[in-house]
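Colleague: Could we go through this model together? I would like to discuss the packing and then the empty spaces.

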Amino acid sequence: MSEAGNPRVDFRSDTVTTPSARMRKAMADAEVGDAVYDEDPTTNRLESMTAEILGKEAGLFFPSATQANLAGIMAHCGRGDEYIVGQTAHAYRDEGGGAAVLGSVQPQPLPNEPDGIIDLDAITSAIKPDHFHNPITRLLTLENTFNGLPLPADYIEDATELARSHGLSTHLDGARVMNAAVATSTEASAIADRFDSVSLCLSKGLGAPVGALLVGTKELVGRAKRIRKTLGGGMRQTGVLAAAGIYALEHNVDRMREDHDRAKRLAEIFADFPELGAGEARTNMVFLYPDGVDMDAFSAFLADRDIITGGAHGKLRWVTHLDIDDEAIERVRRACKEFFGR
């Protein structure tokens, strides 16, 4: 039984957003050419624009952030090399093992602390000695945001300085780095400055339908371009997609504050029901760790009211985005009151 006249609201992820009418018009009006020949002016503009925003020399458009991360890792590491990464980081746990499967690059996963950092001593201990028995440790990869939490600026400085002192390069999985920048009132370029390469996803909170960028030096982006071709990521008239990315970067960054504010309101609603075990809002995410609640029944109850959420491993994750409005938040409040009889 859904709430009469109310559309479905989807809190599973900010990947579920659909292009606005204005974004679709920008896509329809895009000037295009063959991007593999570097002749798509809209794609070229997006790549230059993103590089400038993140303070890097060059950028490269990819179909997905997974492929952008993979190309970044492979551009830093050769066969038999190693990258250090968080045990629960997306680039290790949720990207199909691409670095190992396709790049022959060995991951060295280390535990993530609750705030997303990797202990500096653990990083130091994981860097292999230069000996023929060992893979060569080449790269430190971090993620920002991590489960919605922006990495602390002082940690980023310390971790990247540690990596450099041992001759390692650094890569940032910045799928939601714009959320981190907005939440901390920091320029995205200041976050990216400490890293040799950064990936940026366009199809999460930025609201584009598809696409990601990898930015770095011209030399690194040049290597990544060859790798992108090998991975099947070379596309043709990509200006139609790039136009959505340009629109997103021009119109959908500052408005992320609305997503963060709505996540805070969600956390406040859930706090009225202690059995849900709600944590504080993390940029545009709220996590529930329920105790004594039949979560299958709760999720089904919400779904009957066209409120969709997702989760695994005993927790539920709620993600706000540009397709979630104030009424959607109030619908959650009403549903919780009805489910718990309060």
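Modeller: The discussion below takes up the cores, one glycine, and then the pockets and cavities. The model is predicted, so local features need pLDDT of at least 70 and side-chain atom pairs count only at pLDDT 80 or more, while totals for chains, interfaces and linings use all residues. Residues are numbered from 1 along each chain as its sequence is written, and side-chain values use heavy atoms, with hydrogens and water left out.

Colleague: Which residues touch the most other members of the largest nonpolar core?

Modeller: Ile 123, Leu 142, Met 178 and Leu 206 do, in a core of 48 residues. Helix H11 (residues 239-251) contributes the most to this core, with 6 residues. A nonpolar core is a set of buried Ala, Val, Leu, Ile, Met, Phe, Trp, Tyr and Cys residues joined through side-chain atoms within 4.5 Å; buried means under 20% relative accessible area with a 1.4 Å probe, protein chains only. Helices are DSSP runs of H or I with at least four residues, and strands are E runs of at least two, numbered from the N terminus.

Colleague: What does Leu 142 touch?

Modeller: Leaving aside residues up to four places away in sequence, the contacts of Leu 142 include Ile 118, Leu 151, Tyr 155 and Phe 195. Contact means heavy atoms within 4.5 Å.

Colleague: Is Gly 116 buried or exposed?

Modeller: Gly 116 is buried, at 5% relative accessible area. Gly 116 sits in the loop between strand S4 (106-110) and helix H6 (120-126), and touches Phe 146 and Leu 151, not counting residues up to four places away in sequence.

Colleague: On to pockets. How much space lies in the largest pocket?

Modeller: About 680 Å³. Of its 35 lining residues, the closest to the centre are His 90, Arg 93, Asp 94, Asn 147 and Arg 317. A pocket is an open set of points on a 1 Å grid over the protein atoms alone, with protein on both sides within 12 Å along at least five of seven lines; lining residues have an atom within 4 Å of a point. Grid points are joined across faces, edges and corners, and a volume is the space filled by probe spheres set on the points.

Colleague: And how many cavities of 30 Å³ or more are there?

Modeller: There are 3, a cavity being a set of points where a 1.4 Å probe fits but cannot get out. The largest cavity has a volume of about 70 Å³, and helix H2 (residues 41-53) gives the most to its lining, with 3 residues.

Terms used: Buried means under 20% relative accessible area, exposed over 50%, partly exposed in between (1.4 Å probe, protein chains only).
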